[in-house]
Amino acid sequence: MPTLNPPPVALTRLHASALPRRLPLHGVTGSRQIERAWMQRLPAHTLMQRAGLAIARLACAIAPHAQRIWIACGPGNNGGDGLQAAALLQGWGHQVEVTLLAEPERLPDDARAAHADAVAAGVAISNAIPTGLQDHDLAIDALLGIGASRAPSAAMQACIDAMHALPAPILAIDLPTGLDADSGSWLQGGSARQCIQADHSLSLLSLKPGLFTAHGRDAAGTVWWDDLGTSALQAQDTSSPDAWLQGVSLQPEAASAAIPAPHASHKGSFGDACIVGGASGMEGAAVLAARAALHAGAGRVYLASLSARDSGPIDAEIMHRPLLHAHDLDALPLAGASVAAGCGGGQAITEHLPALLQHTARLILDADALNAIASDTALAGWLAQRQQPTILTPHPLEAARLLGGTAADIQQQRLQAASQLAQQRQAIVVLKGSGTVVAAPPALGMEPVIVHAGNAHLATAGTGDVLAGTIAAYWAQAHARNPAESAWQQAFDVACAAVQAHGRAADLWPAARGTLTAGQLASALQRLPG
């Protein structure tokens, strides 16, 4: 029988990180492979027993004063994990109430064994939903696991509604019920109302991509991870990651000083960045991108403006080059610079794209440049024929135009859409949004990265232009430091680093200062870390 006192707690919470470390993400198929491999290696029921212990430990940590704990259990192994935790928590002195939406004899083998443990521990099990939980109590969502594809049943929806109405915190096992483990979208036919909005989520065995992109970041709350004691062998012979997560650490990080650049540095040590955009009426977009490139550390920043009008005050450090005729491109160091094109470019950018696609060594296409590529097969052909890497930075609607779908299609499968677009356009793709995805053409062998940085502060005009300028500055610095590095790998890593720095600047913005404007965001950026 379980002891009356919980064992010492050793939990792994994901912490925001400024370092470019990456953790593996496994979708449903990969997680199942890992699970099968370990079930073959370990005695029967071991994984579920470890899962129950992990859940019970976390429950005690996040609700140490809970007198009552309600666990809603579904008909699969996710419900079995909940039942195993119920047995332990009851033995540790909590009043545990389980709502079981299945006949015990029809549960899978491991879950049936967990049910027997819960009954033996004296857990109250019924199909009723308890009432009267207080804010210091706890609710645990063990309804649906990673294999779910359809929206919750009516009985499960009653549990979801009851949890939404509770003052008590909610802990989701593996991922919130109603959320797709691979994509972070709602399950088929579902909606926000049909998804648990958890305060905490404990991902078991593997980290799932859906927790970190699309709706996942809102639904999951604080994410915890327990590999159930499998890390020693998991990476070697069970399953390759479907994607990687950047911007988190398994340990809290102490603030560390940036590594200073060598004293003998000069402006050429940090490369050149060019911004091409700012058509009439949209001059501010290009100025924001140029300011971002300046603050993000490029040695020299050129602003090639497509407007004949005075764009207003421009930082004295930015070199302004009006771009009113095709031959004006000759005044820019295209062959050696990192160029971001399209920020506020309007229709005027189209005229200059053929030359940029042919003569620019490191090219970022944003905003109106992407729209021009989507509507012009000749430009799309130039893009496909480029010998050098290109970085595309679409938001979901721009990605939909490039792929010939809808923004809803893109949001439904963000990882898949980013990889498809990278393959189709033979470019690095930065699919912006909650849990920005960076993807490379699959033939390069680089799995997609989800960057865990950023928040709603970025939902203001101009922040996308700031990202384009940041990428240009980081790419200029990376190439200046190591010109012999693989061009595609450098482009991919630069895109990830810039997205992380851009999002982290928003994460660090003090709430007391109110709205973060794009101009303030640009000023908050820092040089590419050493």
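This report describes selected strands, a pocket and several individual residues of one structure.

The model is predicted, with local features requiring pLDDT of at least 70, side-chain atom pairs counting only at pLDDT 80 or more, and totals for chains, interfaces and linings using all residues. Residues are numbered from 1 along each chain as its sequence is written, and side-chain values use heavy atoms, with hydrogens and water left out.

## Strand E13 and its partners

Strand E13 covers residues 300-305, and 5 of its 6 residues are buried. Here, buried means under 20% relative accessible area, exposed means over 50%, and partly exposed lies in between, with a 1.4 Å probe and protein chains only. Helices (H or I, at least four residues) and strands (E, at least two) are DSSP runs numbered from the N terminus.

E13 pairs in the parallel sense with strand E12 (residues 272-277) over 6 bridges; two strands pair if DSSP finds at least two bridges between them. Within this pairing, Ala 273 stands opposite Val 301 of E13. Between E12 and E13 the chain passes through helix H8 (residues 283-295), and this β-α-β crossover is right-handed. That term applies if, with the strands pointing away from the viewer, the path from the first strand over the helix to the second runs clockwise.

E13 is also joined to strand E14 (residues 318-322) by 5 bridges, and these two strands run parallel. Ala 304 has Arg 321 in E14 as its bridge partner.

## The second largest pocket

The second largest pocket has a volume of about 710 Å³. On a 1 Å grid over the protein atoms alone, a pocket is an open set of points with protein on both sides within 12 Å along at least five of seven lines, and lining residues have an atom within 4 Å of a point. Grid points are joined across faces, edges and corners, and a volume is the space filled by probe spheres set on the points.

The lining consists of 30 residues, and those nearest the pocket centre are Lys 432, Gly 433, Ser 434, Thr 436 and Leu 458. At least two lining residues come from each of H6, helix H12 (396-403), helix H13 (407-412), helix H15 (463-481) and H16. H15 gives the largest share, 4 residues. By class, the lining holds 9 nonpolar, 15 polar and 6 charged residues. Ala, Val, Leu, Ile, Met, Phe, Trp, Tyr, Cys and Pro count as nonpolar, Asp, Glu, Lys and Arg as charged, and the others, Gly among them, as polar.

## Individual residues

His 45 and Leu 205 are described by their loops and their phi values.

| Residue | Loop | Phi |
|---|---|---|
| His 45 | between helix H1 (28-41) and helix H2 (46-62) | near 70° |
| Leu 205 | between strand E8 (200-204) and helix H6 (216-220) | near 75° |

His 45 counts as partly exposed because its relative accessibility is 29%, whereas Leu 205 is buried, with a relative accessible area of 8%.

Gly 514 is located in the loop between helix H16 (487-507) and helix H17 (518-524). Its relative accessibility is 30%, so Gly 514 counts as partly exposed. Leaving aside neighbours within four places in sequence, Gly 514 is in contact with His 457 and Trp 509, where contact means heavy atoms within 4.5 Å. The C-alpha atoms of Gly 514 and Gln 420 are separated by 38 Å, and the two residues are 94 residues apart along the chain.

Gln 157 belongs to helix H5 (residues 154-164). Gln 157 counts as buried because its relative accessibility is 7%. With neighbours within four places in sequence left aside, Gln 157 is in contact with Arg 193 and Gln 194.

Note on methods. On a 1 Å grid over the protein atoms alone, a cavity is a set of points where a 1.4 Å probe fits but cannot get out, and a pocket is an open set with protein on both sides within 12 Å along at least five of seven lines; lining residues have an atom within 4 Å of a point.
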